[in-house]
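Colleague: Before I rely on any of the labels attached to this structure, I would like to hear the reasoning behind them, one label at a time.

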Amino acid sequence: MSDTPEQPGLQEPSLDEQIAAYQREFRDLDPQVEQIVSALGRLNRRMNVAYGRQLADLGISNAEWEVLKTLVLAGEPYRLGPGELAKRLGLTPAAMTHRIDRMAGEGLVTRDRDENNRVRVIVEVTDEGRTKWLEAMRMATTFEGDLLQDLSDQERGALGEVLIRLLRRVEHEQPDAGGRLTDLD
């Protein structure tokens, strides 16, 4: 039985089919490891598609979401300089400027001179930007709750612990892998 639901036009093989093909071509493959990493990859891809659709319904892009999220994570009053934003997002200053220009035009952020240092520019979330961020969080929370609904609290805790251990290993082995290697714009 296939582990991927039947969908019209679905071209992707089931995980079982993919692993069987990999084993046929690469005999040293550990099927258990491949099942885990392939399932994580597919889950990540499908979650990103779902989040992207939610953001599109709100009229914002993933790139804009990342800026809003970074500003909110900075804490009240939800503002940072463009250079700090670029650094936190792993973007070039030019890409950050382009993104801020677009978002300011859409009313999601403001860009004003720092009153204490007129040379410095400050980017701040607007009420509209904060409203969109909150609605995206509400939508994501519902989606994530639905995603994990079949897991008990104990299973959720165990899964969270295992995933954090894997994440820590990757972060230790590849400390530079947290930032973006290319711009999303």
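Modeller: This is a predicted model, and I would begin with helix H3 (residues 62–73) and helix H5 (residues 93–105), whose axes come within 11 Å and cross at roughly 90°.

Colleague: What makes H3 and H5 roughly perpendicular rather than oblique?

Modeller: Angles of 65 to 115 degrees count as roughly perpendicular, and the axes of H3 and H5 cross at roughly 90°, so the two helices are described as roughly perpendicular to each other.

Colleague: Which residues make the contact, and how do they divide by class?

Modeller: H3 contributes Ala63, Glu64, Val67 and Leu68, while H5 contributes Met96, Arg99, Arg102 and Met103; by class these are five nonpolar and three charged residues, with no polar ones. Valine 67, once its neighbours within four places in sequence are set aside, is in contact with Leu85, Leu89, Met96, Arg99 and Met103.

Colleague: Where does Val67 stand in the largest nonpolar core, and which elements supply that core?

Modeller: The core has 25 residues, and Val67 is among those with the most contacts inside it, together with Ile60, Leu68, Leu71, Leu85 and Met96. Two or more residues come from each of helix H2 (31–58), H3, helix H4 (82–89), H5, strand S3 (117–125) and helix H6 (127–147), and H3 gives the most, with five residues.

Colleague: Turning to charged pairs, how do you know that glutamate 12 and arginine 42 form a salt bridge?

Modeller: The cut-off is a side-chain nitrogen of Lys or Arg within 4 Å of a carboxyl oxygen of Asp or Glu, and the closest N and O atoms of glutamate 12 and arginine 42 are 3.4 Å apart, so the pair meets the definition. This salt bridge links distant parts of the chain, since glutamate 12 is in the segment before helix H1 (15–25) and arginine 42 is in helix H2, 30 residues apart.

Colleague: Why is arginine 42 called buried, and glutamate 12 partly exposed?

Modeller: Buried means under 20% relative accessible area, and exposed means over 50%; arginine 42, at 7%, therefore counts as buried, whereas glutamate 12, at 24%, is partly exposed.

Colleague: What makes the pairing of glutamate 12 with arginine 46 a tie between separate parts of the sequence?

Modeller: Their side chains meet in a salt bridge at 2.7 Å, N to O, and glutamate 12 lies in the segment before H1 while arginine 46 lies in helix H2, so the pair ties together parts that are 34 residues apart in sequence. Arginine 46 is partly exposed, with a relative accessible area of 38%.

Colleague: How far apart in sequence are glutamate 128 and lysine 132, and is each one buried or partly exposed?

Modeller: Both lie in helix H6, four residues apart, about one turn of the helix, and their side chains meet in a salt bridge at 3.7 Å, N to O. Glutamate 128 is partly exposed at 39% relative accessible area, whereas lysine 132, at 18%, counts as buried.

Colleague: What is notated for the backbone around proline 77 and tyrosine 78?

Modeller: The peptide bond from glutamate 76 to proline 77 is cis, with omega near 10°, and proline 77 lies in the loop between H3 and strand S1 (79–80). Tyrosine 78, found in that loop between H3 and S1, has phi near 60°, a positive value in a residue other than glycine. With a relative accessible area of 15%, tyrosine 78 is buried.

Note on methods: Residues are numbered from 1 along each chain as its sequence is written. This is a predicted model: local features need pLDDT of at least 70, side-chain atom pairs count only at pLDDT 80 or more; totals for chains, interfaces and linings use all residues. Side-chain values use heavy atoms; hydrogens and water are left out. Axes are lines fitted to C-alpha atoms, for helices over the stretch in contact, and angles run from 0 to 180 degrees between N-to-C directions. Angles under 35 degrees count as roughly parallel, over 145 as roughly antiparallel, 65 to 115 as roughly perpendicular and the rest as oblique. Contact means heavy atoms within 4.5 Å. Ala, Val, Leu, Ile, Met, Phe, Trp, Tyr, Cys and Pro count as nonpolar, Asp, Glu, Lys and Arg as charged, and the others, Gly among them, as polar. A nonpolar core is a set of buried Ala, Val, Leu, Ile, Met, Phe, Trp, Tyr and Cys residues joined through side-chain atoms within 4.5 Å. Buried means under 20% relative accessible area, exposed over 50%, partly exposed in between (1.4 Å probe, protein chains only).
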